[in-house]
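Reader: Could you take me through one part of this model up close? I'd like to hear what pairs with what, and what sits around it.

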Amino acid sequence: MDLELRHLKIVRAVADAGSLTRAATALGLAQPALSAQLKRIERALGGALFVRGREGVRATALGELVLDRARVLLPAVCELQEEAVRFARQGAEGYRLGGTHGPLLGALVDRLARREPGVPVTTHTSWSEREIAAGVADGRLDFALVGVCGESAPPGPGRLAWREVARDPVCVMLAEDHPLVGRREVELAALAAEAWTDVPGDGCFGDCFAAACVRAGFTPACVYETDTASCVHLVQVGRAVGLCRATFPVTPGVAVRPLAGAPLVWRHLLGWHPAAPAADRAAEVLEHARTAHARAQAASASRAAARDGRPEGAAPAVEPA
């Protein structure tokens, strides 16, 4: 039997898991099937790679040798594959943008399309920041427009270049007849009895929200994770209050208010692969994203001024939603 990359992945998985049972689960295999494959690998390499015991498995001297090589080869092959995909696609024209769901992605698409008419702009959206970052890393996308909570690290650290577009306080969406709508800002503690709604994601925002609630003295009784349209509907009918970014567009039946003291902050980030051809356009795309955000923020300020009865352009007492 010739040794293949998948065999090295099996050896690494067994070593990382520390037992055949856990390794089989991680690999999606039945344990007998994994044991049979490991025996064939050991025969091909000329000796036992692991010593089996009650507490799991331990690598032999031969196993350590194979693992040392596998931990060099596997990342190198992965990087080679990503670079090959990027090279094969580097002749593609236009902008391939990936982003989590939100108005800033649409605003960026509009700016790029206006500035370069005739140049295609395509988008891919996902609830998963990690999926978007992976798409940029392997060359399927040129830029990632995602968000992270507070000072949290962006997805895929070390693989992509990231720059901050802007940062916003996280706001609350209320039904237009909610008792707290008359306030210019809302204390998080005042919402302790409410059900909540928010879009799903694989970042740390859910944990950050839960921690902010604990600091405010309560634990959310109910959180509905669903798509944006359903979140808006639940707010409109008074079934829940929602979390949103400060640039959330005007929506009938929904009032947006800042949370007092900005207990949650959202950072908008633009990411790209530094070795990809698109890196040459990163500064320009970043500037477009910042301009798009600034305009959305100005529109929010105008709405807040009209809501509070201030002259347009007058400074609000708190940063508006």
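Author: Let's start with Ala-175, whose bridge partner in E11 is Val-254. That pair belongs to a ladder between E7 and strand E11 (residues 254–258), which run antiparallel and are joined by five bridges. Bear in mind that this is a predicted model. E7 has another neighbour too: strand E10 (residues 241–244) also runs antiparallel to E7, with three bridges joining them. Over there, Val-172 has Leu-243 of E10 as its bridge partner.

So what about burial? Strand E7 covers residues 171–175, and five of the five are buried, so the rest of the structure largely encloses it. You can see this on both faces: Cys-171, Met-173 and Ala-175 are buried on one side, and Val-172 and Leu-174 are buried on the other. "Buried" here means under 20% relative accessible area.

Now for another sheet, to set E7 in context. Five strands form an open sheet in the order E4-E3-E5-E12-E6, and the pairing is mixed. Its edges are strand E4 (121–125) and strand E6 (161–169), each of which pairs on one side only. From one strand to the next, the twist averages 20 degrees. At the E4 end, strand E3 (residues 95–99) and E4 run parallel, joined by five bridges, and Leu-97 stands opposite Thr-123 in E4. Helix H5 (residues 103–115) packs on this sheet, touching E3, E4, strand E5 (143–149), E6 and strand E12 (265–272). The direction of H5 makes about 170 degrees with that of E3.

Key
Residues are numbered from 1 along each chain as its sequence is written. This is a predicted model: local features need pLDDT of at least 70, side-chain atom pairs count only at pLDDT 80 or more; totals for chains, interfaces and linings use all residues. Side-chain values use heavy atoms; hydrogens and water are left out. Buried means under 20% relative accessible area, exposed over 50%, partly exposed in between (1.4 Å probe, protein chains only). Helices (H or I, at least four residues) and strands (E, at least two) are DSSP runs, numbered from the N terminus. Two strands pair if DSSP finds at least two bridges between them. Axes are lines fitted to C-alpha atoms, for helices over the stretch in contact, and angles run from 0 to 180 degrees between N-to-C directions. Contact means heavy atoms within 4.5 Å.
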